[in-house]
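Got a model open and want to know what backs up the labels people put on it? Let's go through some of them one by one.

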Amino acid sequence: MSLYAYLVAGWLLLAGFFGVVRSRDLVHTAVCVSVAQSGTYVLLLGIGFQRGAGAPVFAPGIPTTSPVVDPVVQAMALTDIVVSATVTALLLAIAVQIAKRHGTVDPDELHALRG
Amino acid sequence: MSRGVRTLIFLAGAAGLGMLLVLAFLRCPPFGGDWHPYRDMAVPAALAHVTPNVVSSVNFDQRGLDTLGEETILLGSVLGATVLLRPGRHETRREPQDVGRVLQVTRLGGYVMLPLALTLGLDVVIHGHLTPGGGFQGGVVLATGLHLTYVAGSYPALRRLRPVSWYEYAEALGAGTFSVLGVVGLVTSAALLANFLPLGQFQQLFSSGTVLALSVATGCEVAAGVVVLLAAFLEQTIMIDSSRERAG
Amino acid sequence: MTETNVLLIVSLTLVAVAGTVVVATGEPSRQAVVLSVFGLLLGLLFVVLQAPDVALSQIGVGTAVVPLMVVLAVRKIRQLGSRR
């Protein structure tokens, strides 16, 4: 059990890469990159987790001495998510531009076009 | 390279990477354990600055510089995507037809949800130092909420609701405010993004010093950035006729 | 086995399965829908991992903004492709 969370993170990373390698469509490629990146969120939050500890937010009435999970990795995951979204947006914009220029978004066809 | 060969090479590489990952995972701190040295330093630091939401304290106070860098990535990506998606030389604009295929219930639902989503977004931004939330989350909720008008089936209504240039200014204003607050911290407290405002009382709305201000600036930038980004995609898909682009 | 353990195993497994389905879906317009479900499940996992801040952000970004951009990009590329 203790390794399971980390293994899921590694699985997402490798599955995303697999999708990138097998992709027949650049939009699909961009989505697979974001799946690979979501492995990093799972790994970060997995490392910060502590059994029985609460969220790192002290609501009124909760003593500030009660155990909480690691807030630093959560802050990192938060920035990670926003960066992932903007990178995906950029990749999708590039895919649209490629479709305009070359009339296709299939990586293999694009490769053939270049000769 | 054929797809088969490419996949084989990938599988060999993935097997190696997978093995290295498992070896690394075996030496990671055990999942769910209580050894969290960063937590043990971050929580007292957040409490010292009267910030009940420790994640917001890390983002906007303790590691404010990281957030500044990340905001710059956001700004750069939005800029890049809008440049890539701007109308080409041979593209013509067309007025969007309002397709009347949306169910009345969906339309009504969209308009009822709109004020709720906007209120929720504002609430999440403003209470980011007290409860789960903050500039990033609230900004995304605000931007998504605004696009409920599009789900409700009216692209013209969405366009009236968001003159894109305003959001471009708002994005720049958010990023600018963040940097200015950072520099003021440098001047008054000798550290970039230092928390120089009065800290106030624990659990009060106006507390935690610059965390609230930076969170609002971030919310402004994120909401505006996402709106500008989606506007660029929507415009390309709905309003730009590219039929002459490739011929040219 | 405690409640938390069951919740953790279920949500981790759901995330792993959904992620695999997203990658295996070759058609990008259908992929956008699966991606949205994957984003929601990730949000659920983050709640179980006691990260409400991250969950909020993930649900906004992962279930709404990114899938919407994917749908719009696919539609635009279709429009371009239909003239070929």
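What follows is a set of questions and answers about the labels used for this predicted model.

Q: Why is A:V73 called buried?
A: The cut-off for buried is 20 or more other C-beta atoms within 10 Å. A:V73 has 27 other C-beta atoms within 10 Å, so it counts as buried. As for its place, A:V73 is in helix α3 of chain A.

Q: Which residues does A:V73 touch, leaving out those up to four places away in sequence?
A: A:L44, A:L45, A:I47 and A:G48. Contact here asks for C-beta atoms within 7 Å. If you'd like a distance along the chain as well, A:T86 is 13 residues away from A:V73, and their C-alpha atoms are separated by 20 Å.

Q: What makes chain A something other than a compact globule, going by its radius of gyration?
A: For 115 residues, a compact globule would come out near 13 Å, but chain A has 20 Å. The box tells you about the dimensions: along the principal axes, the C-alpha atoms of chain A fill roughly 65 × 30 × 15 Å. Even so, 58% of the 115 residues in chain A are buried.

Q: How many helices and strands does chain A have?
A: Four helices and zero strands. From the N terminus on, that reads α-α-α-α. Take the contacts in chain A between residues at least 6 apart in sequence, and 53% of them join residues at least 24 apart.

Q: How do you know that chain A touches chain C, and which elements of chain A are involved?
A: The test for a contact is C-beta atoms within 7 Å. On that basis, 44 residues of chain A are in contact with 35 residues of chain C. At least two residues each come from α1 (4-22), α2 (26-48) and α3 (71-102) of chain A. Of these, α3(A) gives the most, with 13 residues. Sorted by class, this side of chain A has 31 nonpolar, nine polar and four charged residues.

Q: And what does the side of chain A that touches chain B look like?
A: Here 43 residues of chain A are in contact with 50 residues of chain B. Two or more residues apiece come from α1, α2 and α3 of chain A. The largest share, 17 residues, comes from α3(A). By class, the split is 28 nonpolar, eleven polar and four charged.

Q: What makes a set of residues a nonpolar core, and how many residues does the largest one have?
A: Its members have to be buried, of the listed nonpolar types, and joined through C-beta atoms within 7 Å. The largest such set has 122 residues, and those with the most contacts inside it are A:V27, A:L45, A:L92, A:A95, C:V70 and C:A73. Helix α10 (residues 210-239) of chain B gives the most to this core, with 19 residues. For a close-up, try C:A73: setting aside residues up to four places away in sequence, it touches A:V27, A:L92, A:A95, A:V96 and B:F233.

Q: Why is the phi of B:L193 worth a look?
A: Most residues other than glycine have a negative phi. B:L193 isn't glycine, yet its phi is positive, near 60 degrees. It lies in the loop between α9 (164-189) and α10 of chain B. B:L193 has 25 other C-beta atoms within 10 Å against a cut-off of 20, so it is buried.

Q: Is C:Q50 buried or exposed?
A: Buried, because it has 23 C-beta neighbours inside 10 Å and the cut-off is 20. C:Q50 sits in the loop between α2 (28-48) and α3 (52-81) of chain C. Its phi is positive too, near 65 degrees, in a residue other than glycine.

Q: What makes residues 55-74 of chain C a "transmembrane region"?
A: That label comes from UniProt, in an unreviewed entry, which also places the feature at residues 6-25 and 32-49 of chain C. Such annotations may be inferred rather than shown by experiment. In the model, residues 55-74 of chain C are 100% helix and 0% strand, with end C-alpha atoms 27 Å apart. Residues 32-49 of chain C are 94% helix and 0% strand, and there the end C-alpha atoms lie 25 Å apart.

Conventions: Residues are numbered from 1 along each chain as its sequence is written. Chains are lettered from A and ligands numbered from 1 in the order in which they are written. This is a predicted model: local features need pLDDT of at least 70, side-chain atom pairs count only at pLDDT 80 or more; totals for chains, interfaces and linings use all residues. Two residues are in contact if their C-beta atoms, placed from the backbone, lie within 7 Å. Ala, Val, Leu, Ile, Met, Phe, Trp, Tyr, Cys and Pro count as nonpolar, Asp, Glu, Lys and Arg as charged, and the others, Gly among them, as polar. A residue is buried if 20 or more other C-beta atoms lie within 10 Å of its own, exposed if 12 or fewer, and partly exposed in between; C-beta atoms are placed from the backbone. The radius of gyration is taken over C-alpha atoms; the globule rule is 2.2 Å times the number of residues to the power 0.38.
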